[in-house]
Amino acid sequence: MKPVTAVMVGAGQRGLYAYGPYALEHPDELKFVAVAEPDPERREKFARMHNIPKEMQFETWEELMEKGRIADVVFNMTMDRVHFASTMRALEIGYDVLLEKPMAHTAEHSAALVLMAERTGRLLQVCHVLRYTTFFRKLKELLDDGVIGEPITVEHKENLVWWHMAHSFVRGNWRKAGTSTPMIVAKCCHDFDILYWNIGRKAVKIHSAGSLKHFRPENAPEGAPESCLDPCPVRETCPYDVHKIYLNMKIKGWPVNAITNDLSYEGRLRALRESNYGKCVFHSDNDVVDHQVVNIEFESGVTVAMTMNGHGFEESRTMRYDGPEGTLRGKFDYRHGVIEIHPHFWGKSSIKVDVPPSESGHGGGDFGMVRGFLRSVRGLEPPLTSAMNSLESHFMAFAAEESRLTGRVVEMENYRSEIMRKAEEIVREWTGRRR
Ligand SMILES: NC(=O)c1ccc[n+]([C@@H]2O[C@H](COP(=O)([O-])OP(=O)(O)OC[C@H]3O[C@@H](n4cnc5c(N)ncnc54)[C@H](O)[C@@H]3O)[C@@H](O)[C@H]2O)c1
């Protein structure tokens, strides 16, 4: 079997460490033949790992796309705001695309990507990696088997561990909605996708509330400096102290390798001095929320209460489904999973869904996603989920943000048709511009 050939667009955290290794472990299935990455160290590292010659190394996706179609597929692992134009161009050229979530920075740009994939007849898959984990597959299987009957009400929580919140959403890439996407989109499009998958109906109404409550200048301890590297009166007791998080030399992987390629003490220190990662969490320029709740009514009358919080003691997703015949409770922390079934009258059973340490990131979801994508590209199996399905989760997330900002309930039918109308315009404009 000849491997599917691929180009890696964006050899950052996801490109380099989450998906790149799949090709190294499964050379008969996937071969990266080119890379586009502006950071020379990342580009060279990826090229070295995958044996990519100099003439197939590009600085940007624009430069790469000028070559036309030079492989079967594109892995688009760039940051949120690069997704739209690079994916439109890749689809236009004739690539099938595996695209990181969120699909794009607005609902209408996300929808335009789906329209473009339909128009060009290409496969577009969004990295909703949770669908590929053993845990969420088991949960879906149990619900489909009717262990609690049709769910009537669902509680779902995305519990972000406190230091992940500080790293990504206070100091890091996703701290400002204007340069990435709103937090409910960036973090919870996965959760909406799982809810949509399990309930099997579309959302009718969405209401949301939330704010940036904690990580604000007025909450800074007295005397706390702007830079966490400067002498600080609460350094010993502050959990967000960068010395504890980034200068702990035992930590060599994420999140430290997200701030610098140079993992020496000096390299880390330089990165903290020169980037936003060295800022006090109360003096950053962050504007995304640190907690948000979303209430959803689905077509069948199922109601969902979803909470996203950035102050958890551990990273996990917890959930409870109540139906006419019982209750199902679940907890997944990417390593361990447990699903409890409490049928009415008959007592309780409990299923453990542990993830072997050898599995890839996101509880095995990262490699599961790539495997599924490659099988669909080869025509061996239909995609587990389509770009159109992924769009629904993005609609829910963007609508939740609209509701949070306006205080209004979003009526989803009107919302969808308005967004699709704008998406048609975006595609028209895009194709017109290139004529
Ligand atoms: N599926 C998931 O669960 C999951 C988890 C984390 C992140 N993500 C998503 O993955 C994406 C990438 O996140 P990341 O943490 O790897 O970010 P990152 O910043 O580490 O990687 C993005 C890379 O894209 C490169 N890039 C920038 N402009 C480019 C251009 N014009 N052409 C080519 N490359 C360019 C950057 O230099 C960078 O190396 C984001 O959209 C993020 O939301 C998804």
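## Ligand site and domain contacts

**View 1. The ligand between two domains.** Domain 1 (4–127 + 418–434) and domain 2 (131–215 + 287–412) both give residues to the shell around the ligand, so the ligand lies between them. The model is predicted. The domain assignment also gives domain 3 (217–278).

**View 2. The shell around the ligand.** The ligand has 26 residues around it. Arg 14, Glu 37, Arg 42, Asp 80 and Glu 100 come nearest. Sorted by class, the shell holds 10 nonpolar, 9 polar and 7 charged residues.

**View 3. Polar contacts of the ligand.** The side chain of Glu 37 places an N or O atom 2.6 Å from an oxygen atom of the ligand. Asn 173 also uses its side chain: an N or O atom there is 3.5 Å from a ligand oxygen atom. At Cys 127 the backbone takes part, with an N or O atom 3.3 Å from a nitrogen atom of the ligand. Alone, the ligand exposes 860 Å², and the protein buries 85% of that. Two elements, α1 (13–25) and α3 (61–65), each give two or more residues to the shell.

**View 4. Domain 1 against domain 3.** The centres of domain 1 and domain 3, taken over C-alpha atoms, are 33 Å apart. Their contact draws 5 residues from domain 1 and 4 residues from domain 3. About 390 Å² is buried between the two domains, and carbon and sulfur atoms give 30% of this area. On the domain 1 side, Gln 13, Glu 41 and Arg 42 lose the most area to domain 3. Together they account for 79% of what that side buries. Arg 42 is also one of the residues that come nearest to the ligand.

How values were computed
Residues numbered from 1 in each chain as written. Predicted model: local features only at pLDDT ≥ 70, side-chain atom pairs only at ≥ 80, totals over all residues. Heavy atoms only, no water. Near = heavy atom within 4 Å. Polar contact = N/O pair within 3.5 Å; in protein donor to acceptor, adjacent residues only side chain to side chain. Areas by Shrake-Rupley, 256 points an atom, 1.4 Å probe, with all protein chains shown as cover. Helix = DSSP H or I, 4+ residues; strand = E, 2+ residues; numbered from the N terminus. Nonpolar A, V, L, I, M, F, W, Y, C, P; charged D, E, K, R; others polar. Domains from an automatic or database assignment. Contact = heavy atoms within 4.5 Å. Buried area = accessible area lost by both parts, 1.4 Å probe.
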